[in-house]
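Biologist: I have the model open on my screen and would like to talk it through with you. Could you take me from the overall picture down to how the helices meet?

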Amino acid sequence: MSLYRDEGVVLRTQKLGEADRIVTVLAKRTGKIRAVARGVRRTKSRFGARLEPFTHVDLQLHTGRTLDVITQAETIRPYGEALAVDYPRYTAGSAMLETADRLTQGEKEPALRQFLLLVGGLRTLSERAHEARLVLDAYFLRSLAVAGYAPALEACAKCQAPAIRAFAIVAGGVVCGACRPAGAAVPAGETIGLMTALLRGDWTTADASESRHRSECSGLVAAYLQWHLEHGIRSLRHVEREHA
């Protein structure tokens, strides 16, 4: 038996048999782990509640043939408790978990920066210092940047010209008039400024933004994210419904 220990955030769970669960965790050192938690669906389980989505948890596991097995679990911080009572923050957090899962497709491939971004995003959501959708958009932009998909926001994505005319998802961000493809969006300058602020962590600028620029920013960021993932984020349906 090969034992190891790591801390991580529970991304999702699924039933296995009559009493077990498969738990997907984004871990600090190991990366994404899919492991079996034995007997956690029984009412007398010792650590079932510690292995729910949103929980930052310290784990001990042993390596299995197909799936590792969780032998110990200690809660570091239960973000789900704070988010569950606030629907906008809960749906934003759910979109974060789903995005983290999509961006870390390979199992046991270290993804420290993605882990730190997720923990920081959940902590910021739970502290309620900023609007939930702003926090979510900041998380989307930064996690994309870590994955190598940061949008160009200051110069044309194709020719590096400083004169910006539009935002083209397929081009990789803002584009000049000469490089602008058909169907490119033409957002307000303040919207691009907001995207830049969220990517940099400039909360003073982000918090002072107008709602119309926030809405436009959210639409562009969501479309950009899902285009690069080549897959829709199901949780965004609930976020966008509440936001509307």
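Biologist: What radius of gyration does the protein have, set against that of a compact globule with 244 residues?

Modeller: This is a predicted model, so local features need pLDDT of at least 70 and side-chain atom pairs count only at pLDDT 80 or more, while totals for chains, interfaces and linings use all residues. Residues are numbered from 1 along each chain as its sequence is written, and side-chain values use heavy atoms, without hydrogens or water. For 244 residues, a compact globule would come out near 18 Å, where the rule is 2.2 Å times the number of residues to the power 0.38 and the radius is taken over C-alpha atoms. The protein agrees with that, because its radius of gyration is 20 Å.

Biologist: What does the C-alpha trace span along its principal axes, and how many helices and strands are there?

Modeller: Along the principal axes, the C-alpha trace spans about 60 × 35 × 25 Å. Helices are DSSP runs of H or I with at least four residues, strands are runs of E with at least two, and both are numbered from the N terminus. On that basis the protein has eight helices and seven strands.

Biologist: Let's start with α3 and α4. Are they roughly parallel or antiparallel to each other?

Modeller: Helix α3 covers residues 112-127 and helix α4 covers residues 132-146; their axes come within 10 Å and cross at roughly 175°. Axes are lines fitted to C-alpha atoms over the stretch in contact, and angles run from 0 to 180 degrees between N-to-C directions. Under 35 degrees counts as roughly parallel, over 145 as roughly antiparallel, 65 to 115 as roughly perpendicular and the rest as oblique. The two helices α3 and α4 are therefore roughly antiparallel.

Biologist: Which residues of α4 meet α3, and how many in that contact are nonpolar, polar and charged?

Modeller: Contact means heavy atoms within 4.5 Å. From α3 come R113, Q114, L117, L118, G121, T124 and L125, and they meet A132, V135, Y139, R142, S143 and V146 of α4. For the classes, Ala, Val, Leu, Ile, Met, Phe, Trp, Tyr, Cys and Pro are nonpolar, Asp, Glu, Lys and Arg are charged, and the others, Gly among them, are polar. The contact of α3 with α4 then divides into seven nonpolar, four polar and two charged residues.

Biologist: How do α2 and α4 pack, and what is the make-up of their contact by class?

Modeller: The axes of α2 and α4 lie 9 Å apart at an angle of about 10°, and the pair is therefore roughly parallel. On the α2 side are P88, R89, A92, A95, M96, T99, A100 and L103, which meet A132, V135, L136, Y139, F140 and S143 in α4. By class, the contact of α2 with α4 has 11 nonpolar, two polar and one charged residues.

Biologist: Why are α4 and α5 described as roughly perpendicular?

Modeller: Helix α5 runs over residues 189-200, and the axes of α4 and α5 are 8 Å apart. The pair is therefore called roughly perpendicular, with a packing angle of about 70°.

Biologist: Which residues of α5 touch α4, and how many charged residues does the contact hold?

Modeller: The α4 side offers L134, D137, A138, L141, R142 and A145, and the α5 side offers L194, M195, L198, L199 and R200. The contact of α4 with α5 has eight nonpolar residues and no polar ones, and its charged residues number three.
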